[in-house]
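Me: Please take a close look at one part of this protein, namely its buried interior, and describe it in a connected account.

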Amino acid sequence: MSEKIKVGISIGDVNGIGMEVIIKTFADAMILNYCTPIVYGNTKIASYNRKNLGLNDFNFNVIDEPEQANPKKPNLINCWEEDVKINFGEANETGGKYAFISLERATNDLIAGKIDALVTAPINKHNIQSENFNFPGHTEYLQERCGATDSLMFLVSDELRVGVVTGHIPVSQISEKITVANILSKLNLMNQSLKQDFWIRKPRIAVLGLNPHAGDNGLIGIEEQLTIIPAIEHANNEGILCSGPFPADGFFGNCTYKNFDAVLAMYHDQGLIPFKNTAFDLGVNFTAGLNRVRTSPDHGTGYAIAGKNMASPTSFREAVFTAVHVVKARTESAELLKNPLKFSKFSRDRD
């Protein structure tokens, strides 16, 4: 790519640790060798956080549009002019209001192609709800905005990759959402993402069961026999290399996941608890299945430590690097597929 990748960044809840991890990440100028960051926020919010962190030498280059971004500096687009009172650690309407303003402006530019990827700082899924945002989280919002029929919440790290069939829904609704069609859709998205975004030629995917002991041959639930096993068989017939269903406890307990390129869990906590236990600091939430690239750090708003200069930027930094990696992988894939070598059948006859 002739130009550095432009990574847009939404700041999340202003009362959380979003701006802290953003500033700490880009205070290290080395990251500017890999991308041009564009933060969608507010100069006063940024200044307040910078002073709170004691990073008086750090400054954003303030711009109006992504086209004006300086590739040698962290850039910031001022998304509102009014003063906003920050109350670190408090979940209030203000946090949700300005989190959405930042997210919407960044998403608009992502869809318009003005930025190459979006990294979202954490939101509070409750206080961001409004007439304009009626979604369980970022994943569902971006799926609709990008016009995708489905998407995959894909938690990735160097050691483990985990996707989920059901995401932000109540536990009481999980079983009814575990259908052959839903499992197949997620397996297809995962398989395609592993090939396109992570350049794994023949991905090996493990599928977890829903019930304890993966149903124990129907003694502890029948979802495995009626739904999960048929979905696995169907997927294999379509050329997706997947195995299971595996009992989740033993699968992670004895590190069987190391034999696979990715794991498909049936529900949120089944996949995210072992993932965060394994790769909390280095984990990244990637939304697979979109025609745009979006990542986020694998942590929440961090209200308990907000404003205390205690938040680690490691996961956010990894989210930026992952976004850059996926954009490059997709670009290179598209270039390779643009002019494929013609297939020619050679004769076995010798001259």
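Reply:

**A buried histidine and the nonpolar cores**

His299 counts as buried because its relative accessibility is 17%, where buried means under 20% relative accessible area, exposed over 50% and partly exposed in between, with a 1.4 Å probe and protein chains only. The model is predicted, so local features need pLDDT of at least 70 and side-chain atom pairs count only at pLDDT 80 or more, while totals for chains, interfaces and linings use all residues. Residues are numbered from 1 along each chain as its sequence is written, and side-chain values use heavy atoms, leaving out hydrogens and water.

The loop between strand 12 (293–297) and helix 10 holds His299; helices (H or I, at least four residues) and strands (E, at least two) are DSSP runs numbered from the N terminus. Neighbours within four places in sequence aside, His299 is in contact (heavy atoms within 4.5 Å) with Ile17, Pro122, Phe280 and Ser315.

The largest nonpolar core, a set of buried Ala, Val, Leu, Ile, Met, Phe, Trp, Tyr and Cys residues joined through side-chain atoms within 4.5 Å, has 88 residues. Met19, Ile22, Phe60, Phe154, Ile183 and Leu187 touch the most other members. Helix 10 (residues 314–338) gives the most to this core, with seven residues. With neighbours within four places in sequence again left aside, Ile22 is in contact with Ile9, Ser10, Ile11, Val39, Phe60, Ala121 and Phe316. A second, separate core has 17 residues, among them Ala206, Leu208, Phe252 and Phe260. In soluble globular proteins, nonpolar side chains tend to be buried together.
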